[in-house]
Amino acid sequence: MPIALDNLRVGRKYLFINQGEVRQLEIMARLSGDNFKVKDLETLEYYTIEELLRWGKGKDYELEELR
């Protein structure tokens, strides 16, 4: 069961899987509502959660905290 977006915390790291893409993300800032600025830990690029979910949640959608 994936974590709900409103349970994400700034400074924590998460594994994000959606539509075949697997990313390790760090939450940098809460922008508004369920939108967050995130840093991809592999490419060091910055995104927003809204950009990553723009095309919807696939059958493989998963969001879990990394330890």
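With a relative accessible area of 38%, E21 is partly exposed. That is the starting point for a few exercises on this predicted model.

**Exercise 1. Find the salt-bridge partner of E21, then follow the network onwards.**

Step 1. Begin at the E21 side chain: it meets the side chain of R23 in a salt bridge, with an N to O distance of 2.6 Å.

Step 2. Check how accessible the partner is. The relative accessibility of R23 is 15%, below the 20% limit, so R23 counts as buried.

Step 3. Look for a further acid at R23. D40 also forms a salt bridge with R23, and here the closest N and O atoms are 3.3 Å apart. D40 belongs to strand β3 and R23 to strand β2, so this pair ties together parts 17 residues apart in sequence. Both D40 and R23 are buried.

Step 4. Put the pieces together: through shared partners, E21, R23 and D40 form one network.

**Exercise 2. Search the whole structure for salt bridges, and work out which parts of the chain the R12 bridge ties together.**

Step 1. The search finds three salt bridges. Exercise 1 covered E21 with R23 and D40 with R23.

Step 2. R12 and E65 form another, at 3.6 Å from N to O. R12 is in the segment before β1 while E65 is in strand β5, so the bridge ties together parts that are 53 residues apart in sequence.

Step 3. Now compare each accessibility with the limits of 20% and 50%. R12 has a relative accessible area of 41% and is partly exposed; E65, at 28%, also counts as partly exposed.

**Exercise 3. Which aromatic residues have a charged side chain over the ring, and is Y47 buried or exposed?**

Step 1. Stay with R23 for a moment. Its charged end sits over the ring of Y47, 4.9 Å from the ring centre.

Step 2. Place Y47: the residue lies in strand β4, and with 17% relative accessibility it counts as buried.

Step 3. List its surroundings. Beyond neighbours within four places in sequence, Y47 contacts R23, F36, K37, V38, D40 and L52. Two of the network residues from Exercise 1, R23 and D40, are therefore in this list.

Step 4. Turn to Y46, where K37 lies over the face of the ring, at 4.9 Å from the ring centre.

**Exercise 4. Find the aromatic pair of the structure and classify its geometry.**

Step 1. A search of the whole structure gives one such pair. Its members are F16 and Y61, whose ring centres are 6.1 Å apart and whose planes meet at 80°; planes over 60 degrees apart count as edge-to-face, so the pair is edge-to-face.

Step 2. Locate the two rings. F16 is in strand β1 (residues 13-18) and Y61 in the loop between α1 (49-52) and β5 (62-65), which puts them 45 residues apart. Both F16 and Y61 are buried.

Step 3. Widen the view around F16. Not counting residues up to four places away in sequence, it touches E21, V22, R23, L25, L52, L53, Y61, E62 and L63.

Step 4. Add the core. The largest nonpolar core has 14 residues, and F16 is among those with the most contacts inside it, along with L5, L8, V38, I49 and L63. At least two residues of this core come from each of β1, β2 (21-32), β3 (35-40) and α1.

**Exercise 5. E62 is one of the residues that F16 touches. What is the nearest side chain of opposite charge to E62, and how far away is it?**

Step 1. E62 lies in strand β5 and is buried.

Step 2. The nearest side chain of opposite charge is K57, 11 Å away. A salt bridge needs nitrogen and oxygen within 4 Å, so K57 is too far from E62 to form one.

Step 3. See what does surround the acid: leaving out residues up to four places away in sequence, E62 touches M1, P2, L15, F16 and I17.

**Exercise 6. For Q19 and L44, describe phi, location and accessibility.**

Step 1. Q19 is not a glycine, yet its phi is positive, at about 50°. The residue is found in the loop between β1 and β2, and 45% relative accessibility makes Q19 partly exposed.

Step 2. L44, likewise a residue other than glycine, has a positive phi near 65°. Its place is the loop between β3 and β4 (46-48). At 52% relative accessibility, L44 passes the 50% limit and so counts as exposed.

Technical notes: Residues numbered from 1 in each chain as written. Predicted model: local features only at pLDDT ≥ 70, side-chain atom pairs only at ≥ 80, totals over all residues. Heavy atoms only, no water. Phe/Tyr/Trp six-rings, centres within 6.5 Å; stacked < 30°, edge-to-face > 60°. Helix = DSSP H or I, 4+ residues; strand = E, 2+ residues; numbered from the N terminus. Buried < 20%, exposed > 50% of the residue type's maximum accessible area, 1.4 Å probe, protein only. Lys NZ or Arg CZ within 6 Å of the ring centre and 35° of its normal. Lys, Arg positive; Asp, Glu negative; His and termini not counted. Contact = heavy atoms within 4.5 Å. Core = buried A, V, L, I, M, F, W, Y, C linked by side-chain atoms within 4.5 Å.
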